[in-house]
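Grab a coffee and open the model in your viewer. Below are a few short exercises, each with a worked solution to follow at your own pace.

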Amino acid sequence: MALAYTIDSRWRNRAEFPTGRKEIIEFLRRKWAKELDYRLIKELWAHDGNRIAVRFAYEWHDDSGHCYRSYVTRIGSLMNMADAARYASINDLPIKESDRKYHWPLGGVPMITQV
């Protein structure tokens, strides 16, 4: 996973601004330790040449059992997962367990075209 990011990558994710592969790896470790039972869908919004805009929606819970649905708009490179710059605007919505929509088994992602 670490090699998916360039040594000089720059991110903006919520209130964090990791720079470089090492900081991004540490950021992802913290994120994945907090966001448990993560279920993700993606929706292509636009692309032009080498640029892409994607909408993500994902659900997760923390170690206290509080559930969230997070909405993300990501802008980056279409051709290269290892963008030097990757920007994400993320909003976390607290939800009840009964309001969760994404219930497929971990590791598998069904094709979903709309949220």
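**Exercise 1. Find leucine 36 in the chain and decide whether it is buried, partly exposed or exposed.**

Start with the location: leucine 36 sits in strand S2, which covers residues 36-48. Keep in mind that this is a predicted model. Next, look at the accessible area. Leucine 36 has a relative value of 28%, and buried means under 20% while exposed means over 50%, so it counts as partly exposed. Then check what it touches. Setting aside neighbours within four places in sequence, leucine 36 contacts Trp60, His61, Asp62 and Asp63. One of these partners, aspartate 62, is 26 residues away along the chain, yet the two C-alpha atoms are separated by 5.8 Å.

**Exercise 2. Stay in strand S2 and work out how lysine 42 and aspartate 37 sit there.**

Take lysine 42 first, which lies in S2. Its relative accessible area is 52%, and the cut-off for exposed is over 50%, so lysine 42 is exposed. Now measure across to phenylalanine 56 in your viewer: the pair is 14 residues apart in sequence, and the C-alpha distance is 4.5 Å.

Aspartate 37 is in S2 too. At 37% relative accessibility it falls between the two cut-offs, so it is partly exposed. Check its backbone as well: phi is positive, about 50°, although aspartate 37 is not a glycine.

**Exercise 3. Which residues make up the largest nonpolar core, and which element gives the most to it?**

List the members: Ile52, Val54, Phe56, Tyr58, Trp60, Tyr68, Val72, Ala88 and Ile90, nine residues in total. Then sort by element. Those giving two or more residues are strands S3 (51-61), S4 (67-77) and S5 (85-95). S3 gives the most, with five residues. As background, nonpolar side chains tend to be buried together in soluble globular proteins.

Finish by zooming in on one member. Beyond its neighbours within four places in sequence, isoleucine 90 is in contact with Asn13, Arg14, Tyr58, Ser70, Tyr71 and Val72.

**Exercise 4. Is arginine 100 buried or exposed, and what does it contact?**

Look in the segment after S5 to find arginine 100. Its relative accessible area is 9%, which is under 20%, so arginine 100 is buried. Now collect its contacts, again leaving out neighbours within four places in sequence: Asp37, Arg39, Glu59, Trp60, His61, Cys67, Arg69 and Ile95.

**Exercise 5. Describe the second largest pocket: its volume, its lining and the kinds of residue found there.**

Volume comes to about 150 Å³. The lining is Asn13, Arg14, Glu16, Phe27, Arg30, Lys31, Lys34, Glu35 and Asp92. Sorting them by type gives seven charged, one polar and one nonpolar. By element, H1 gives the most, with four residues.

Pick arginine 14 from that lining for a closer look. You'll find arginine 14 in the loop between S1 and H1. With 26% relative accessibility, it is partly exposed. Its phi is near 55°, a positive value in a residue other than glycine.

**Exercise 6. How confident is the predictor, and which elements have the lowest and highest mean pLDDT?**

Begin with the whole protein: pLDDT averages 81, and 80% of the residues score at least 70. Then go element by element. Strand S1 (residues 10-13) has the lowest mean, 79, and helix H1 (residues 20-34) has the highest, 89.

Methods: Residues numbered from 1 in each chain as written. Heavy atoms only, no water. Core = buried A, V, L, I, M, F, W, Y, C linked by side-chain atoms within 4.5 Å. Buried < 20%, exposed > 50% of the residue type's maximum accessible area, 1.4 Å probe, protein only. Contact = heavy atoms within 4.5 Å. pLDDT = per-residue confidence, 0-100. 1 Å grid on protein atoms, 1.4 Å probe; cavity = no way out; pocket = protein on both sides within 12 Å on 5 of 7 lines; lining within 4 Å. Points joined across faces, edges and corners; volume = space filled by probe spheres on them. Nonpolar A, V, L, I, M, F, W, Y, C, P; charged D, E, K, R; others polar.
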